Amino acid sequence: MSAPLVDPTTLGERGITGPDGKTSFSPEHLHASVVDPQMDSMRLLSETTMTFPDAISFSNGAPFDGTHDVTQLAGHLERYLTHLRESGVPEQRISRLLYQYGPVNGFIQNEVARNLKQDEGIDVDPASIMITQGAQEAMVIALRALFSSPDQVLLTVSPAYVGIVGAAKTLGIPLRGVLEGPDGLEPDAVAEAVRAVRAEGKQPVALYLVPDFSNPSGTSLPLAARRELLALAAREELILLEDNPYRLFGRLGTELPTLKALDETRNVIYLGSYAKTAFPGARVGYLIADQPVAGPDGGARPLAAELSKTKSFLTVGTSSLAQAVIGGILVAADYDLRSASRATAEVYQERLEAALAALAEHFPPADHAEHGVSWNVPGGGFFLMLSVGFEADLAEMERSARDYGVSWAPMTMFYVDGGGDRVIRLGFSSLPVPDIREGVARLARFIKDTPRTDR
C-alpha cells in the first residue's frame with residue numbers, strides 16, 4: 001500500500017489541526033497578503049455601502065452608467081466580425097477566434113495599436129501589446145516579470161491605487177512609497193527614494209504612478225515633471241509603470257502627453273484599460289511592453305511576447321467575446337475613443353464641478369480654519385481629496401454613513417507607509433449632480449459636528 005500524500009502525524013507539528021481533529025488555520029499559516037488588513041479595504045467599503053443603502057456614497061469610483069445599452073452588445077460583436085471579414089480573415093479563422101481559447105496575448109492588438117496612436121500619440125508595434133483581463137492582470141504580469149529577488153523594491157506614488165499595492169503584496173514584492181506633492185509625484189522625491197533604497201543595499205526596479213487624475217488623489221503630473229521623470233528613469237535604469245485609466249476625462253484642450261508617448265529610451269511599461277472608456281464589464285485591459293528581450297539564437301522579441309508565458313498560467317487568455325466587443329467599439333469609433341467619449345467626459349466634468357461648488361458653498365474660506373478643511377481641485381477624473389480636522393478612519397466613516405447618510409473613503413487606505421489620517425477621498429463619478437449636492441451637504445453637517453483633534 002502506498003504512503004499517503006500527506007502524513008497526518010505532521011499536521012499537528014504544522015499547527016493546522018484544531019481540537020476537533022479537523023484542519024483549521026491561524027494567520028501565521030497564511031501568506032501575509034491574505035491577512036494584511038490593508039488588503040481588505042475595498043471589501044469594507046462595499047460592505048458599508050450595503051449596510052447603509054440609503055447613504056449617499058462617495059466611497060467608490062464606478063464609471064458613469066448612463067451610456068450603456070445592452071441592445072448594442074450584439075451590434076458591437078457583429079461590427080467586429082464584419083471588420084474581420086472585410087480584412088480578408090477566413091471564416092474558419094473567425095470561428096476559431098470566437099469559439100476557442102485564442103492566442104494567449106489576444107487578437108485585437110492591431111485595433112488597440114491604432115486606438116493608442118489616434119488617442120495618445122503612442123506608436124508601437126502591435127506585437128508589443130498584450131491584451132489582459134483588465135489592467136489589474138497587466139499589473140500582476142508586469143511585476144512578476146520585473147522582480148526576481150527579495151532585494152528588489154517597487155517604488156510607488158503614495159497615496160496609491162490599492163490594486164498595485166495588492167498585486168505587489170500578493171507577489172511578495174517589497175514596496176516603498178514616495179509621497180506626492182500638490183501636483184503629483186515630484187522627481188526630486190523619486191530620486192531621493194532611489195538613493196535611500198540603494199543605501200539599504202537594495203535595488204529599486206520600477207516606479208508605479210498614475211500621471212493623469214490619479215486614483216485616489218485626483219492629481220496630475222505637469223509636463224516638465226514628466227520629462228524629468230523620464231530622464232531620471234533612463235539615468236537610474238528604472239522602469240516606469242504608467243497606469244492611465246482616467247486621462248480621457250479631463251477638460252478639453254488641457255491634455256498632456258503620456259509618459260509612453262514621450263518615452264525615447266523604452267523605460268515605460270504602459271498599463272491600460274477599456275473599463276472606463278468603453279465597457280467596464282468586458283474586463284479588457286492591455287499592457288505595452290516594447291523593450292526587446294534577447295533570445296538564445298541572437299534574435300529579440302518584445303517583452304510583451306515573453307510575458308505570454310506568465311499570462312498562460314494565470315488566465316490562459318482574455319475572453320474572446322469580450323475582445324471582439326471591444327474591437328467592435330474601436331472600429332465603430334474609427335479608433336478615436338477620445339471623441340467618442342467626449343459626452344461622458346462632460347458628465348464627469350459636470351460632476352466634478354458640482355462637487356467643488358458644493359464644497360465651496362458649505363465651507364466658505366472664513367470657515368476653513370475653524371473646521372480644518374481644505375481640498376484639491378483636479379482637472380478631471382473621478383476623485384478629489386478633502387482634508388478635515390479629525391482622524392478620518394473607518395469607524396468615523398461608518399458613523400458618517402449611519403448617522404448622517406453619507407459615506408466616503410478614508411485616505412489612510414491608500415498610503416503605502418502611513419499617512420492621510422485626516423484626509424478623505426470623494427468619488428463623484430457615479431453620482432448624479434443632485435445626489436452630489438445633497439451628499440456634500442450631509443458631509444458638511446458631519447464635519448461641522450465632529451470636534452477638531454489636530455489643534
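1. In this predicted model, the second largest cavity is lined by Val157, Glu180, Asp183, Gly184, Leu185, Leu209, Val210, Pro211, Ser214, Thr219, Ser220 and Leu221. Its volume comes to about 70 Å³, and the residues of its lining divide into six nonpolar, four polar and two charged.

2. The structure holds two cavities of 30 Å³ or more, and the largest of them has a volume of about 120 Å³. Fifteen residues line this largest cavity, and those closest to its centre are Glu120, Leu248, Ser273, Thr277 and Tyr286. Helix α6 gives the most to the lining of the largest cavity, with four residues, while α6 and β7 (268-273) each supply at least two. By residue type, the lining of the largest cavity divides into seven nonpolar, five polar and three charged.

3. Turning to the packing of the interior, the largest nonpolar core has 95 residues, and within this core Leu154 and Leu241 are the residues with the most contacts. The element that gives the most to this core is helix α14 (residues 320-332), with seven residues. A second core, separate from the largest, has 39 residues and includes Leu356, Met385, Ala409 and Met411.

4. Helix α14 deserves a paragraph of its own. This helix has 13 residues and reaches 18 Å from its first C-alpha to its last, which is close to the 18 Å expected at 1.5 Å a residue. Eleven of the 13 residues of α14 are buried, and the helix is therefore largely enclosed by the rest of the structure. The buried residues are Ser320, Ala322, Gln323, Ala324, Val325, Ile326, Gly327, Gly328, Ile329, Leu330 and Val331. These buried residues of α14 pack against the helices α4 (73-86), α5 (91-99), α6 (109-120) and α15 (337-340), and also against the strands β2 (129-133) and β8 (284-288). Just after α14, Asp334 takes a positive phi of about 55°.

5. Two neighbouring positions may be read together, namely Val153 and Leu154. Val153 lies in strand β3 (residues 152-158), and Val153 counts as buried because its relative accessibility is 3%, where the cut-off for buried is under 20%. Leaving aside residues up to four places away in sequence, Val153 touches Phe147, Pro174, Leu175, Arg176, Val197, Lys202, Gln203, Pro204, Val205 and Ala206. With the same exclusion, Leu154 touches Leu143, Phe147, Ile164, Ala168, Ile173, Pro174, Leu175, Arg176, Ala206, Leu207, Tyr208 and Leu241. As a point of scale, Val153 and Thr23 are 130 residues apart in sequence, and their C-alpha atoms are 36 Å apart in space.

6. Finally, Ala135 is found in helix α7 (residues 134-146). Its relative accessible area is 12%, so Ala135 is buried. When residues up to four places away in sequence are not counted, Ala135 touches Gly272, Ser273 and Gly285; of these contacts, Ser273 is also one of the residues closest to the centre of the largest cavity. Ala135 and Leu232 are 97 residues apart in sequence and, from C-alpha to C-alpha, 25 Å apart in space.

Technical notes
Residues are numbered from 1 along each chain as its sequence is written. This is a predicted model: local features need pLDDT of at least 70, side-chain atom pairs count only at pLDDT 80 or more; totals for chains, interfaces and linings use all residues. Side-chain values use heavy atoms; hydrogens and water are left out. A nonpolar core is a set of buried Ala, Val, Leu, Ile, Met, Phe, Trp, Tyr and Cys residues joined through side-chain atoms within 4.5 Å. Buried means under 20% relative accessible area, exposed over 50%, partly exposed in between (1.4 Å probe, protein chains only). Contact means heavy atoms within 4.5 Å. The expected span of a helix is 1.5 Å times one less than its number of residues. On a 1 Å grid over the protein atoms alone, a cavity is a set of points where a 1.4 Å probe fits but cannot get out, and a pocket is an open set with protein on both sides within 12 Å along at least five of seven lines; lining residues have an atom within 4 Å of a point. Grid points are joined across faces, edges and corners, and a volume is the space filled by probe spheres set on the points. Ala, Val, Leu, Ile, Met, Phe, Trp, Tyr, Cys and Pro count as nonpolar, Asp, Glu, Lys and Arg as charged, and the others, Gly among them, as polar.
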